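Me: I should like to learn how to read the features of a structural model. May we take them one at a time?

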Amino acid sequence: MPTKRQIEASRANGAKSRGPITPEGKAASSRNALKTGLYSQSQVITGEDPAALDSLAESYRERFPSTGPEAQALLAIVLNDDWLLRRLRAIEGGLWEMRYQTTTSLENSVPRARAFAYVQEQLRVLQRRIDSTERSFHRALAALLKLQPPAAKPAALGSFAQIA
């Protein structure tokens, strides 16, 4: 338990703080509240393009005009799941690339097999996350489609011959 003197010193030091001053410090501080899931303030993490997310969101908003709070909630789930699936697929590629680069430097005659041996558990866990996210995406999309007025629903696709 801190003493009264320690508490007072802590308060005095805290009162001197004015937050980050440099642009780098401010940029780092702006990411402090980034969390995952329900409490995230941003769906974009370092290395991702915020404009790509904005473009994706605009595409979904054009495709599914809002008809109420339920539709907005479902649209948010669809958008989040789509964005997350893109991220997870990029992670999968990154896992392979990272391990492949490591194994080729070992003068290995079968670097892909060795890379797989190293990443198979990570890929298994990642695939479970992808599968779960895809199920969530399809459930939300189906529910969203049910909420759309009949005129807004896309026409059923015909046979392959009609499409091609």
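Me: How far apart are the end C-alpha atoms of helix 5, and what span should its 37 residues have?

Reply: This is a predicted model. The expected span of a helix is 1.5 Å times one less than its number of residues. For the 37 residues of helix 5 the expected span is therefore 54 Å, and the end C-alpha atoms lie 50 Å apart, which agrees.

Me: Where is the kink in helix 5 centred?

Reply: The kink is centred on valine 119 and amounts to about 55°. Valine 119 is also one of the buried residues of helix 5, which include Pro111, Ala115, Leu123 and Phe137.

Me: How is a pair of aromatic rings described?

Reply: Two quantities describe such a pair: the distance of the centres and the angle of the planes. The structure holds 1 aromatic pair. It is formed by tryptophan 96 and phenylalanine 116, with 6.0 Å centre to centre and 20° between the planes. Planes under 30 degrees apart count as stacked, and the pair of tryptophan 96 and phenylalanine 116 is stacked.

Me: Which parts does the pair of tryptophan 96 and phenylalanine 116 tie together?

Reply: Tryptophan 96 belongs to helix 4 (residues 69-104) and phenylalanine 116 to helix 5 (residues 111-147), so the pair ties together parts that are 20 residues apart in sequence. Tryptophan 96 is partly exposed, at a relative accessible area of 29%. Phenylalanine 116 is likewise partly exposed, at 39%.

Me: Is aspartate 82 buried or exposed?

Reply: Buried means under 20% relative accessible area. Aspartate 82 has a value of 12%, so it is buried. This residue lies in helix 4.

Me: Which residues are in contact with aspartate 82, leaving aside its neighbours within four places in sequence?

Reply: They are Leu56, Tyr60 and Phe137. With tyrosine 60 there is, in addition, a polar contact of 2.6 Å between the side chains.

Me: What sits over the ring of phenylalanine 64?

Reply: The charged end of arginine 63 does, at 4.3 Å from the ring centre. Phenylalanine 64 also has a partner far along the chain: glutamine 148 is 84 residues away in sequence, yet the C-alpha atoms are 7.6 Å apart. Glutamine 148 is located in the loop between helix 5 and helix 6 (160-163). With a relative accessible area of 4%, glutamine 148 is buried.

Me: How many residues along the chain separate alanine 142 and valine 78, and how many separate alanine 52 and tryptophan 83?

Reply: Alanine 142 and valine 78 are 64 residues apart along the chain, with their C-alpha atoms separated by 9.9 Å. Alanine 142 is part of helix 5 and, at 37% relative accessibility, is partly exposed. For alanine 52 and tryptophan 83 the separation is 31 residues in sequence and 9.4 Å in space, C-alpha to C-alpha. Alanine 52 lies in helix 3 (residues 50-63) and is partly exposed at 33% relative accessibility.

Me: What share of the contacts with a separation of 6 or more joins residues 24 or more positions apart?

Reply: The share is 61%.

Me: How many helices and strands does the protein have, and what share of its residues is buried?

Reply: There are 6 helices and 0 strands, and the pattern along the sequence is α-α-α-α-α-α. Of the 164 residues in the protein, 21% are buried.

Terms used
Residues numbered from 1 in each chain as written. Predicted model: local features only at pLDDT ≥ 70, side-chain atom pairs only at ≥ 80, totals over all residues. Heavy atoms only, no water. Phe/Tyr/Trp six-rings, centres within 6.5 Å; stacked < 30°, edge-to-face > 60°. Helix = DSSP H or I, 4+ residues; strand = E, 2+ residues; numbered from the N terminus. Buried < 20%, exposed > 50% of the residue type's maximum accessible area, 1.4 Å probe, protein only. Lys NZ or Arg CZ within 6 Å of the ring centre and 35° of its normal. Polar contact = N/O pair within 3.5 Å; in protein donor to acceptor, adjacent residues only side chain to side chain. Contact = heavy atoms within 4.5 Å. Bend = angle between axes of the 7 residues up to and from the residue.
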